[in-house]
Structure formats: C-alpha cells, structure tokens
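Colleague: Could we go through this one together? I would like to hear the reasoning behind each label.

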Amino acid sequence: MNGDDPRHDARMRRESPPRGAGESPAYPRQPHPGEARWGSPAQPPRRQPPRRQPAARQQPPGQQPPGQQPPRRQPRGSRPEDRRDPPGGPTRRGPRNEPEPALAWSQVPPTKQPPPRQPRRTPDAGAPTHAPTQRPVRHREASPPPPASPPRAKRGRGAPPPRRPKRKRHWGRWLLALLVLLVSLPIAAVFYVENNLIRIDAIADYDDRVGDTPGTNWLLVGSDSRAGLTPEREQELATGGEVGSERTDTIILVHIPRSGPPTLVSLPRDSYVSVPGYGRDKLNAAFAFGGPRLLTQTVEIATGVHIDHYAQIGFGGFADVVDAVGGIDMCLPNPIDDPLAGIDLSAGCQRLNGAQALGFVRSRATALADLDRMNNQRMFMAALLKKATATSTLVNPFRAWPLLRDTTKSLKVDQGAHVWDVARLGWALRDDPAATTVPIGGFTDTASGNVLLWDTAKASQFFEALAADEPIPDELLTPGI
C-alpha cells in the first residue's frame, strides 16, 4: 500500500533514524528471512542438520535398574545443536508457532476456508469404483419442443362446449380446380370422339353431280343392322334375327340454314325413285344394292339437294343412346300394340326406354302405316336430341359419359365429318325444327311391290326452296303426317 513492501526491493525500504546511545528501539526489528544484514543481498538461510548423539541404550521397562527412569526426549529447539547461528549472523528466533508481524498489506496471506469434508462413501460390493470411459458423441441440434396446448377449461353444468378453431378454407384453390376441370373435360371429350368416330365411305363424286348449295345438308339413316347384337339382345329388341343384306327403315334429310331453324324432311323408304344402275325402284333398295354411297347419290338425283354429310345408326346403338339419357318422354295420341316390334303402349304421356323407343319408331301398326311411322320418327328424333343436349345431361357425368361412349360406338359418319360437325348438328336440332315430309301424290303397285309416289310439281318447288336456302312455303308443308 505505501511502497514499503520488503519483497519488492530491500534497498528501497525506509528505516527509522538511529536513536542515541542508550536508547533502545521501540521494538526489535525482525530481519527478513531472505536477508542477512542491512544492505547485504538476500541469501537463503542455511540450516545445519542437527548432530545425532548416540542414544542411550534403553532397556525394556522390566529390565531397568530400580530407581532409574528412561531418558526423556527433549523438544526440538532446546537442544544445543539447534541453537547454532546461521552463517549470516545471529538471528532472533521467536516462538515456532508465532507468526511474523506483517510489514505491509500485500504480505498478509489470504485466508482460505477449507472446503467442507464430504462423508466418504463406502462402495458397494460389486459396484465399479471408477467412472466409465466416456466416448465422444456427435452433437445434434435438438428439435424444438411441440407447442403446449392450452389447458382445457373445466366444464360445469350449463357451460357451453369449447369452440374448435376454424380451419382456413382455400376457396380460391377449389374454384381454380373446378375451372380447370370444367375446361379440361370438354377438351378430353372432343379428342375422344374425334379419335373414335367410325368413318365410312358414304359420299362420292360422280358425273353431273349436284353442285354445292347454301347451308348444310345431312342425310340421317337408321338401318336394321344387327351387328354386335347377341341373340338375347336381338330377342329383347324384337329385331327378328338376321334377314340378309342390310336395309334402312328411316331416311331423314336435315337442312341447317345459314340463319333460322333447321328443317327435317322425312323421305319414305317406299318412295318410287330412279336408282343409278338399277332403274326405278324403292328408295331403300338403293341402300340394299350399293350401301351408303348409292343411297346418297340416289337422294341427290331425286331431290336436287347437295348432301354434305352422312350419319348412320343401327338398332343396338339407337337403343343404347336412349338408355344412356335415361329414356324419352313421349305423349301418344293412340295406343300401339305391335307384336312384331315388341311393344304394347297405351295412349298418353309416358317414358320409353331403349327397347320401347326402337319399337315405337319401327312400328307400322297404325291407321296410316308408313306415314304415321315417319311422323313418329321425326317426333322422337327431336325429343331425343333435345334430351341429349340438355344442360342436365351434359353436366351429369353419369349420363354424359355413357351417352358419349354409346353414340361414338354406334354412329357411322362420312370421311369428311368431324366431331365439331356432329356437335353443330345436335345443337341445331335441340331447338324446335320444322318437321315435314315430301309432298305425296299417292300409292301404286309395281314390279317392286306397293310403292309411294311423290307429287312431282309440289316436290319440285319444295326441294328448290330447300336448295336455295329459302323458307319452304306453308302450302307445301305436311307437319301432321
């Protein structure tokens, strides 16, 4: 503290001035253990080993002479050899256990409290007396603990149940997924129909063919083809089994104008017309003789109307399409009982399934026979197309997919027809089309049997208006037939 640390430099230590003769110092100065005298360098004190005196031979207590006690060992420091001065000169020795007075604060040794003693544990028998060898363990980041759930509140009587946290609903994702689905389904349907349509050679060029006329003209044919039908299915549909070459029972000319409603014209199958290469015969004979190509050519020559597209469907396909849309509702003015067609229908409104609908459009067990059948075919065709293109059918996958599959499987079109042409036809016929038949002049018997004759004058005006894409005069329409 005051710079008088004797351990730092003995020469720099200040001493009190010497007193006069006869004066004794206030207290005798104790020399530092490392110094011998004033001004001399510090030298370590040398301690002479004590000389050992030959100890008197001691005898056991039983062998000591009487009245003689064994010598006692003197304490260390009281023996003469322990009183020799060191080489540096005489030093004053104090009591052995008396500490030297501190000259400065830095000389005071720090007092340390001894640690408390721990009771010694006696190891158990068989327990290891040493710690096991530790091996290094790779450090891994500890995963954060899961968030603690809030404590549940105690429910008492009448207390409302705890509310569950509402989940965030992603309405945008659902709307986007629905939009993608609505867009992808029509595209997938278009590719499916386009790749699976059955195309046949139905339209061919020939000499003196009728030129292209305004609008779009389709020739729809319902054949009695039984291809793909099992015997059980033929019996269910009352087709009568295989009857030779394929024939046609339904021939309809559809005219789609550039503007306005379409027109459906029924061409009786017994119409007496000129068949190229075969002379005059019934119209359905052209289909039996030369198939779709000859039938299309015969219709173009008889009507003077250019045929743009051709579509054909058989018995089985027609019934499957009706079943796919869930049946067709028809209102019959008169009952129809026809064992040959396999139907027994009562008068009034009712729903017809596939087999009943097929018998309905084929039956001639009515007062006007073929004329009533053509009228029934036009009515049923309009009802079928309206049901097939309805929104309730198109948005229902359980009806739209069977309809698309069965129509594609059973429909045959010309080589130039595409799926968008078929879609345009169906969309045009979903409205109320003008349904009529060719003007009729009467019936007669020929070598081909009983045939139907057209009214030549009226039929010419009728088809001229149709070819020019003009409205048909009302006096030429026969909607009731």
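Colleague: In which helix is the place of V183?

Modeller: Happy to help, and do keep in mind that this is a predicted model. V183 lies in helix α1, which covers residues 171–196.

Colleague: Why is V183 called partly exposed?

Modeller: Its relative accessible area is 46%. Partly exposed runs between 20% and 50%, so V183 gets that label. V183 also belongs to a nonpolar surface patch of about 590 Å², made together with L176, L179, V180, I187 and F191.

Colleague: What makes α1 and α8 roughly parallel?

Modeller: The axes of α1 and α8 (residues 397–410) cross at roughly 20° and come within 10 Å. Angles under 35 degrees count as roughly parallel, so the pair of α1 and α8 qualifies. Their crossing is right-handed.

Colleague: Two aspartates next. Why is D208 called exposed, and why is D469 called buried?

Modeller: D208, in the loop between β1 and β2, has a relative accessible area of 79%. Exposed means over 50%, so D208 is exposed. D469, in the segment after α10, comes out at 17%. Buried means under 20%, so D469 is buried.

Colleague: What is notable about the phi of D208 and of D469?

Modeller: D208 is not a glycine, yet has a positive phi of about 60°. D469 likewise is not a glycine and has a positive phi of about 60°. Most residues other than glycine have a negative phi.

Colleague: And how do you know that helix α4 is mostly covered?

Modeller: In α4 (residues 315–324), 8 of the 10 residues are buried, among them F315, F318 and V322.

Definitions and conventions
Residues numbered from 1 in each chain as written. Predicted model: local features only at pLDDT ≥ 70, side-chain atom pairs only at ≥ 80, totals over all residues. Heavy atoms only, no water. Patch = residues over 30% accessible without salt bridge, like charges linked within 9 Å, V, L, I, M, F, W, Y side chains within 5 Å. Areas by Shrake-Rupley, 256 points an atom, 1.4 Å probe, with all protein chains shown as cover. Salt bridge = Lys/Arg side-chain N within 4 Å of Asp/Glu carboxyl O. Helix = DSSP H or I, 4+ residues; strand = E, 2+ residues; numbered from the N terminus. Buried < 20%, exposed > 50% of the residue type's maximum accessible area, 1.4 Å probe, protein only. Axes fitted to C-alpha atoms, helices over the stretch in contact; angles between N-to-C directions. Parallel < 35°, antiparallel > 145°, perpendicular 65-115°, else oblique. Left-handed = near helix turned anticlockwise from the far one by under 90°.
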